[in-house]
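Colleague: Before I set up any calculations, I would like to go through this model with you, one point at a time. Please reason each answer through and finish on the value or name I ask for.

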Amino acid sequence: METIPHYINGARVSDADRFGPVYNPATGEQGKQVALASAARTEEAIAAARAALPAWRATSLAKRTNIFFRVREILTQRKPELAAILTSEHGKVLSDAEGEISRGLENIEFATGLSHMLKGERSEQVSSGVDVHSVRQPVGVVACITPFNFPAMVPLWMIGSALACGNTVLLKPSEKDPSSAVFIAEAFTEAGLPAGVLNVVHGDKEAVDILLEHPDVKAVSFVGSTPIAQSIYKRAADHGKRVQALGGAKNHMVVLPDADLDMAADAAVSAAYGSAGERCMAVSVLVAVGNIADDLVKAISSRMADLKIGAGTDPASQMGPLITAEHRDRVASYVAGAEGEGATVVVDGRSQQFDSDGFFIGVSLVDHVKPGMKVYDDEIFGPVLSVVRADTYSDAVKLVNDNEFGNGVAIFTRDGGAARQFEFDVEAGMVGVNVPIPVPVGSFSFGGWKNSLFGDTHMYGPDSIRFYTRGKVVTTRWPDPATSVIDLGFPQVH
């Protein structure tokens, strides 16, 4: 059986006392195992990152930039190979996998502008003969802990800016689909990144505990569920680390009565069921305002019947399986309990039959959902779309703002004034107007509000430069040149 190794100090390391299973979600079979790091192995990786830090920090911005240009070229050329790895371990369809890589590469492209992003400021003559300038310097060794749902994109979100700023990195990917992390690290090595600057350590709580508490780790970036994000934020901060921890979401899509119904229905299906709903920006609640709910539910359910669910390697598939059997069963439980809470199951994905033993489930649509129902309150992270009916625009905004999460939200309308007011009123970090999944491009930053984010900086983009660097201000005064004697050491003629 293939063993997925750690990648430490520029080399693969496969030996371990413990291993975890890696499944192909489309077949349900275990095809690989991943080495799980002990405390000693994790400390070995931290030591490698610490040893590589002085030389990497001193590497010129021009040389760093060249590495990012090369790694972008390598990953672009090898995109089909990396996408196949993602599909085999995560289950998402190949088109989703390639799209994920492309979005991750936006952050590598952003990092190529590091010489501009790391520029400081200067003020002359702040006092008589005194000048002041500022610089941004790396924080040191950075731990990046990433989720299963985007095993290539989220690591690229983090490591691009972290490395560009002169830090060294320990990447701890999800043990459910870990191969892409090693693939990316080796691409950086091929591009010229020195050994020890980017290390990959696979593991579970034992490895994470070391990363959160080790004094040589100065910053932690995390993406995952809200309870874990909150715990990681507190524990790492208690150990004096800088932390950004992105948590869960319950993203609402508000549809006003004047919206283009076909556009809204198409967007709802794509945003709710794409990547099997396993994404923190998936639309999980549709808020139908006024009298459009019946027509909208009918339009969405008619489109659901045409969705092709199957193995991600099948070009005809539009949605693949879920990541594990346990997660599939958890998602199914929300649909099973919805009617008992007073909701109406319009389309029940549990009833769909599949020829494979993979972790498949059909898409579900649940109407007449209200706050207080588990199907509304919990982050399901699967292909389940809830419909909430609101009488007015104000009711819809209150519903969104009362929710504990504030990751992303969208509004569908033809009314520019209503859209502008919604942008002003709504409490969420990312807003879409007739765009169901408003993930920012790489030159902006990604992150939510409320229980979707712990920390005060968002992921990638300009916020990432602030997170992965520390500011330093230098105040200088020089003697009057008229009082200086300059001796260059040349022979004197007498």
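Colleague: How do the residues of the lining of the second largest pocket divide into nonpolar, polar and charged?

Modeller: Bear in mind that this is a predicted model. The second largest pocket holds about 270 Å³ of space, and of the 13 residues that line this pocket, the closest to its centre are Val269, Ser270, Gly274, Leu307 and Gln318. Sorted by character, the residues of that lining are 5 nonpolar, 4 polar and 4 charged.

Colleague: Which helix gives the most to the lining of the second largest pocket?

Modeller: Val269 and Ser270 are among the residues closest to the centre of that pocket. The element that gives the most to the lining, with 4 residues, spans residues 261-273 and is helix α10.

Colleague: What is the volume of the largest cavity?

Modeller: The structure holds 2 cavities of 30 Å³ or more. For the largest cavity, whose lining divides into 8 nonpolar, 4 polar and 3 charged residues, the computed volume is about 110 Å³.

Colleague: Which elements give two or more residues to the lining of the second largest cavity?

Modeller: The second largest cavity has a volume of about 50 Å³, and its lining residues divide into 4 nonpolar, 6 polar and 1 charged. That lining includes Asn251, His252, Phe405, Gly406, Gly408 and Val409. The elements that give two or more residues are β13 (251-255), β18 (405-406) and β19.

Colleague: Is the crossover from β19 to β20 right-handed or left-handed?

Modeller: Strands β19 (residues 408-412) and β20 pair in the parallel sense over 4 bridges, and valine 409 stands opposite valine 431 in β20. Along β20 (residues 430-433), Met430 and Gly432 point to one face and are buried, whereas Val431 and Val433 point to the other and are not. The chain passes from β19 through helix α15 (residues 416-425) to β20, and this β-α-β crossover is right-handed.

Colleague: How far apart are the end C-alpha atoms of helix α6?

Modeller: Helix α6 (residues 153-164) is mostly covered, with 12 of its 12 residues buried. Because each residue should add 1.5 Å, the 12 residues of the helix should span 16 Å, which agrees with the separation of its end C-alpha atoms, 17 Å.

Colleague: Is valine 474 buried, partly exposed or exposed?

Modeller: Valine 474 is found in strand β23 (residues 469-477). Buried means under 20% relative accessible area and exposed means over 50%, so the relative accessible area of 27% makes valine 474 partly exposed.

Key: Residues are numbered from 1 along each chain as its sequence is written. This is a predicted model: local features need pLDDT of at least 70, side-chain atom pairs count only at pLDDT 80 or more; totals for chains, interfaces and linings use all residues. Side-chain values use heavy atoms; hydrogens and water are left out. Buried means under 20% relative accessible area, exposed over 50%, partly exposed in between (1.4 Å probe, protein chains only). Two strands pair if DSSP finds at least two bridges between them. A crossover is right-handed if, with the strands pointing away from the viewer, the path from the first strand over the helix to the second runs clockwise. On a 1 Å grid over the protein atoms alone, a cavity is a set of points where a 1.4 Å probe fits but cannot get out, and a pocket is an open set with protein on both sides within 12 Å along at least five of seven lines; lining residues have an atom within 4 Å of a point. Grid points are joined across faces, edges and corners, and a volume is the space filled by probe spheres set on the points. Ala, Val, Leu, Ile, Met, Phe, Trp, Tyr, Cys and Pro count as nonpolar, Asp, Glu, Lys and Arg as charged, and the others, Gly among them, as polar. The expected span of a helix is 1.5 Å times one less than its number of residues.
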